[in-house]
Amino acid sequence: MAEQSCLVTNDWICGEYLRSRGQELADATVQHIGITVVSVLIGLAVAFPLALLARRGPRFATPVLGLTTVLYTVPSLAMFSLLLPLFGLSAALVVTGLVLYSLTILVRNILAGLAAVPQEAKDAARGMGYGPGRLLWEVELPLALPAVMAGLRIATVSTVALTTVGSLVGKGGLGNLIEDALPSFFKAQVLAASVLCVLLAVVADLLLLGLQRLLTPWTRLSGAAEAAPAKTDAGLPAPATVKAG
C-alpha cells in the first residue's frame with residue numbers, strides 16, 4: 001500500500017511510477033538513442049572529410065578548426081533558434097545541432113590520430129607501391145584508430161547529454177520527460193529520466209571502448225609487452241635496478 005501511494009506523496013524513488021509509466025520511459029529512451037546514434041554517425045561522416053581537408057596545411061586547417069570551434073561555443077538555445085527557420089520543429093533540427101556540436105571533437109581527434117602515424121610506416125607503404133587512397137585506408141586510418149575512437153567516445157557521451165536539450169522542440173528523448181516533470185516537480189519522473197540518461201552515456205561509452213579494443217588488438221599486445229619483465233639469456237627475469245637516492 002505504501003508503495004502504491006508513492007505517486008501521491010511524490011517520492012523520488014517510486015516503483016509504481018516505473019510500472020505505470022514503463023512504456024513512456026521506453027519510448028523516450030528509444031527516441032533518445034535514435035537521435036544520438038544518427039547525430040554521431042552523421043557527425044563522423046562530416047568530420048572525416050573536414051579532417052582530411054584540414055591536414056593539407058594551415059591554409060585549410062585554420063578555417064576548418066576555427067569554424068568548428070566557434071560552432072561548439074554557441075549556446076544550444078541560440079543554435080536551435082538559428083536552425084529553426086530551416087528545419088522547423090522537427091527531429092532534423094535537433095540532429096543538425098548535435099552534428100555541429102560534435103564536429104570540433106571529431107575533427108580534432110581524427111587530425112591528431114593521422115598526425116601520430118609514424119613517418120616510417122608511411123614511407124614503407126609508399127615503397128611497397130601504396131597510392132594515397134590505399135595508404136590512407138590500409139595504413140594511416142588503422143594506426144589512427146585509437147585517437148579516432150577516443151574522440152568518438154567523447155562525442156557520443158556529449159551527444160547523449162545534449163540530446164536532452166531537444167526537449168525545447170519536443171524532440172529530446174528523456175529530456176522531454178524531465179522538462180514535463182519540472183513544473184510540477186514530479187520527483188520520480190525527474191529521477192528516472194535522469195538516471196536512464198546517465199546509464200545511456202555509460203553503456204554507450206563501454207560499448208565503444210569494447211569496439212575500440214576489438215578493432216585495435218595490437219594496442220593490448222604492445223601494452224602487455226611493455227609490462228612484461230625483461231629476461232636474461234638464461235630465461236630468468238632481469239634483476240631490478242635501484243636508483244641511488
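These legends accompany close-up views of a predicted protein model.

**View 1. How confident is the prediction along the protein chain?** Let's start with the whole chain: its pLDDT averages 83, and 86% of the residues score at least 70. Residues 239-245 are a stretch to read with care, with pLDDT under 50 throughout. For residues 239-245, the model has 1 contact beyond four places in sequence.

**View 2. The largest pocket and its volume of about 290 Å³.** Which residues lie nearest the centre of this pocket? Look for Thr36, Val37, Thr156, Ala204 and Leu207, which belong to a lining of 14 residues. By class, that lining has 12 nonpolar and 2 polar residues, with no charged ones.

**View 3. The helices around the largest pocket.** Try tracing three helices here: helix 3 (22-54), helix 8 (132-163) and helix 10 (187-215) each supply at least two residues of the lining. Which helix gives the most? Helix 3 does, with 6 residues.

**View 4. The second largest pocket, with a volume of about 220 Å³.** Its lining is made up of Leu44, Phe48, Ile110, Trp137, Leu141, Leu145, Val148, Met149, Leu152, Leu211 and Leu215. Helix 3, helix 8 and helix 10 are the elements that give two or more residues to this lining. This time helix 8 gives the most, with 6 residues. Sorted by class, the lining of the second largest pocket has 11 nonpolar residues, and neither polar nor charged ones.

Conventions
Residues are numbered from 1 along each chain as its sequence is written. This is a predicted model: local features need pLDDT of at least 70, side-chain atom pairs count only at pLDDT 80 or more; totals for chains, interfaces and linings use all residues. Side-chain values use heavy atoms; hydrogens and water are left out. pLDDT is the predictor's confidence in each residue, from 0 to 100. Contact means heavy atoms within 4.5 Å. On a 1 Å grid over the protein atoms alone, a cavity is a set of points where a 1.4 Å probe fits but cannot get out, and a pocket is an open set with protein on both sides within 12 Å along at least five of seven lines; lining residues have an atom within 4 Å of a point. Grid points are joined across faces, edges and corners, and a volume is the space filled by probe spheres set on the points. Helices (H or I, at least four residues) and strands (E, at least two) are DSSP runs, numbered from the N terminus. Ala, Val, Leu, Ile, Met, Phe, Trp, Tyr, Cys and Pro count as nonpolar, Asp, Glu, Lys and Arg as charged, and the others, Gly among them, as polar.
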